[in-house]
Structures are given as structure tokens and as C-alpha cells.
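Please follow the chain below from its strands outward to its charged and aromatic side chains. The paragraphs are meant to be read with the coordinates open alongside.

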Amino acid sequence: MATETKLHPRNQHKDGYDFGRLVAQLPELEAFTTRNPAGRTTINFQDDRAVRTLNRALLKTYYGIGFWDIPDNYLCPPIPGRADYVHYLADLLASSNNQEIPRGRDIKALDIGTGANLVYPLIGQSEYGWHFTGVDIDPVAIKSARHICEANKLKITLRQQKIPKNIFRGVIEPGDAFHVTLCNPPFHSSIEQARKGTERKWRNLGKEDTSKLNFGGQNAELWCPGGEIKFIASMIEQSVAFADQCLWFSSLVSKKDNLQTLYRILGKAKVKEYKVVEMAQGQKTSRFIAWTFIKESQRPIYVNGINR
């Protein structure tokens with residue numbers, strides 16, 4: 001039997017979903033609950049409405065988000081895994097700050113591909129008080145994210161990337177300085193590959209075949225020409241031009257086999273350091289890669305120097 005691995009120690013979801021508490025906060029979730037063979041409460045994760053309602057309950061219960069919704073067929077992300085990324089980024093910043101997590105709005109985070117769901121900024125501003133700038137190429141996603149901000153009276157900066165091939169240029173302005181960037185890149189190279197990936201996942205979980213994409217998602221959220229490796233490679237290459245405007249650049253990497261290629265690209269970019277941080281949820285493992293152009297001796301000054 002495979003050993004289940006744990007979420008980050010600070011992750012509020014590390015002990016699983018407390019459906020009693022969630023239903024108390026959002027009673028409409030109860031209509032989507034069911035019992036699994038072991039007799040535990042769960043939902044049908046193949047049901048878009050159930051997943052969306054679960055996310056709404058999680059964001060309200062743990063992060064104080066009174067209103068949250070996304071347009072139909074947009075990515076509905078799994079909250080616990082997204083929270084892990086934020087917590088490990090906090091640890092990364094703490095490593096340059098005497099192991100103390102920097103908190104408050106003076107800490108600037110840039111979310112590349114924030115999506116209609118705005119999930120990373122919602123979690124990060126709640127857990128650590130950071131100020132987020134969310135970027136997306138999709139005007140519908142930006143409109144949805146803005147609606148979430150306005151409904152919850154959140155001060156999150158939103159910027160639309162007008163040129164899809166650009167990642168940082170056009171959204172990092174001359175006076176900007178960020179402590180960290182984060183990104184959940186489109187990891188498939190085509191819509192066909194995205195569908196096959198979803199079908200494979202459901203088969204592995206012993207579920208019935210479905211052509212529905214896992215957790216929904218628009219083209220730009222799920223795939224791009226060249227897939228994940230090309231997107232992250234482009235991100236690394238483009239980050240060179242903004243080397244002194246960000247302490248740590250980062251991106252999720254879904255395919256471990258892509259790491260060796262990324263290491264070579266990071267070497268060519270002459271970064272000062274890079275790290276791969278492993279994350280886990282149940283039997284699923286994931287990771288993100290982070291890189292910096294800032295010398296180690298200068299990092300504590302950078303953490304404490306932006307906008308202070």
C-alpha cells in the first residue's frame with residue numbers, strides 16, 4: 001500500500017476536509033455531500049457544481065472570502081494544493097530573513113496567470129497579509145477576479161497581459177519590485193493531451209470514463225504550444241530582463257522529467273541559485289522550481305528593503 005504524504009504543517013487543510021464545519025459555514029454544500037465506501041463524508045469530484053461549492057465553502061471558512069464564483073468552464077482549482085505552494089514560498093522568503101516569515105502588505109507577490117479564480121492571492125493575503133498583483137491574458141478572467149476583489153473589498157492589483165508571448169514585460173512596471181512570483185503554468189501541449197491526461201487520472205482513481213476536463217479550464221489555463229517545458233523555459237529566459245526587480249521567481253513543475261532541461265536553461269541564464277521544493281498531498285507529489293539573480297548576501301536586505 002502506498003504511504004500517504006502530508007501537506008505543509010501550516011496548511012489548514014492538512015487533516016482533510018471538515019465537512020461538518022464547512023456545511024455550517026455554507027449550508028448549500030450539504031446537498032452535494034455523499035458517503036464513500038469507508039463511510040466518510042465526501043463529494044463527487046467529477047461534478048463541477050460540487051467542486052465549485054466545496055471551494056466556496058473552503059474559501060469562506062478558512063480565508064474569510066464571503067463571495068467567490070467563476071464563469072462556467074473556467075479552472076476550479078483544488079484549494080489544499082494551492083495553499084501548499086503559498087506556504088512553501090513563505091518558507092523560501094523566511095530563508096533570507098533569519099527564518100522568520102515576512103508578513104504584511106510590504107511583501108509583494110506577482111501571480112502569473114491568476115485566472116478567474118484568483119486563488120493564490122486569496123490564500124496569500126489571508127495567511128500572510130502579502131500584497132498580490134494578479135496577471136492574466138484573458139479579459140474574462142480579469143473581470144471575474146476583479147468581481148471577487150470588489151465583492152470582498154480586497155486590495156489586490158490586477159493587470160491584463162496584452163501580448164500573450166510576454167510573461168513579465170508589460171506587467172512588471174519600471175518602479176515595481178517583487179519578493180516572489182508564482183505560476184501554475186499550462187502544462188499540456190494541446191487540448192487533446194489535456195483530455196487524455198484527465199481520462200488517465202480518472203482511470204487511475206477507478207472512476208468511470210469522462211471526457212470532461214478535470215476541474216474545468218480554458219485553453220490558456222490548461223495548454224500552450226510546447227506545453228509546460230516551453231512555457232517555463234520562456235519564463236526563465238524572460239526573467240533575466242527583470243533580474244533586479246524580483247527576489248525569487250518561481251513556477252510549478254508538474255512533470256519531474258522536465259527538471260533536468262530546466263536546470264540547463266537556468267545555468268544559461270546565469271542565475272545565482274535555484275531550488276526545487278517538493279510538495280505532497282495524499283499519494284500525489286508535486287513541486288515548484290524557484291530561481292534568483294540576487295546574491296545570497298543581498299537577500300536579507302532585499303526582503304526588508306522593498307517599500308519600507
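A convenient place to enter this predicted model is the right-handed β-α-β unit that is made by strand β4, helix α5 and strand β5. In sequence, helix α5 covers residues 139-152, while β4 spans residues 131-136 and β5 spans residues 157-160. The two strands pair in the parallel sense, with four bridges between them, and one residue pair that can be picked out by eye is Val 135, whose bridge partner in β5 is Arg 159.

Around that unit, the chain as a whole contains 10 helices and nine strands. Of its 308 residues, 52% count as buried, and the chain exposes about 15100 Å², of which carbon and sulfur atoms supply 48%. When contacts between residues at least 6 apart in sequence are considered, 70% of them join residues at least 24 apart.

Strand β7 shows how burial and strand pairing come together in one element. Seven of the seven residues of β7 are buried, so this strand is largely enclosed by the rest of the structure. One of its partners is strand β6, residues 178-183, which pairs with β7 in the parallel sense over two bridges; here Phe 178 stands opposite Cys 246 in β7. Strand β9 is joined to β7 as well, by four bridges, and these two strands run antiparallel, with Leu 252 having Phe 288 in β9 as its bridge partner. As a general point for reading such strands, side chains in a regular strand alternate between the two faces of the sheet.

Strand β9 also holds Lys 284, which counts as exposed at 52% relative accessibility, because the cut-off for that class is over 50%. The C-alpha atom of Lys 284 is separated by 9.9 Å from that of Gly 81, although the two residues are 203 residues apart along the chain.

The aromatic side chains lead back to β7 by another route. The structure holds 12 aromatic pairs. Among them, Tyr 17 and Phe 19 form an edge-to-face pair, with 5.9 Å from centre to centre and 70° between the planes; Tyr 17 counts as partly exposed at 28% relative accessibility, whereas Phe 19 is buried, with a relative accessible area of 8%. The rings of Phe 249 and Phe 293 have their centres 6.0 Å apart and their planes at 80°, so this pair is edge-to-face too. Phe 249 lies in strand β7 (residues 246-252) and Phe 293 in the loop between β9 and α10, so the pair ties together parts that are 44 residues apart in sequence. Both rings belong to buried residues, with Phe 249 at 0% relative accessibility and Phe 293 at 12%. These two residues are also members of one aromatic cluster, which is completed by Phe 168, Phe 242 and Trp 291.

What remains is the set of charged side chains, for which a general remark is useful: side chains of opposite charge can pair when their charged atoms come close. In this model the count comes to nine salt bridges. One of them joins Asp 47 and Arg 49 at 4.0 Å from N to O, and Arg 49 is exposed, with a relative accessible area of 57%. Another salt bridge is formed by the side chains of Asp 72 and Arg 52, at 3.6 Å from N to O. Asp 72 lies in the loop between α2 and α3, while Arg 52 lies in helix α2 itself, so the pair ties together parts that are 20 residues apart in sequence. The two ends of this bridge contrast in their surroundings, since Asp 72 counts as exposed at 57% relative accessibility, whereas Arg 52 is buried at 15%. The bridge is also part of a network of salt bridges that links Arg 52, Arg 56, Asp 69 and Asp 72.

A further salt bridge is found between Glu 278 and Arg 287, whose side chains meet at 3.7 Å from N to O. Here Glu 278 is partly exposed, with a relative accessible area of 41%, and Arg 287 is buried, with a relative accessible area of 5%.

Terms used. Residues numbered from 1 in each chain as written. Heavy atoms only, no water. Pairing = 2+ DSSP bridges. Right-handed = clockwise from strand over helix to strand, strands pointing away. Buried < 20%, exposed > 50% of the residue type's maximum accessible area, 1.4 Å probe, protein only. Phe/Tyr/Trp six-rings, centres within 6.5 Å; stacked < 30°, edge-to-face > 60°. Contact = heavy atoms within 4.5 Å. Areas by Shrake-Rupley, 256 points an atom, 1.4 Å probe, with all protein chains shown as cover.
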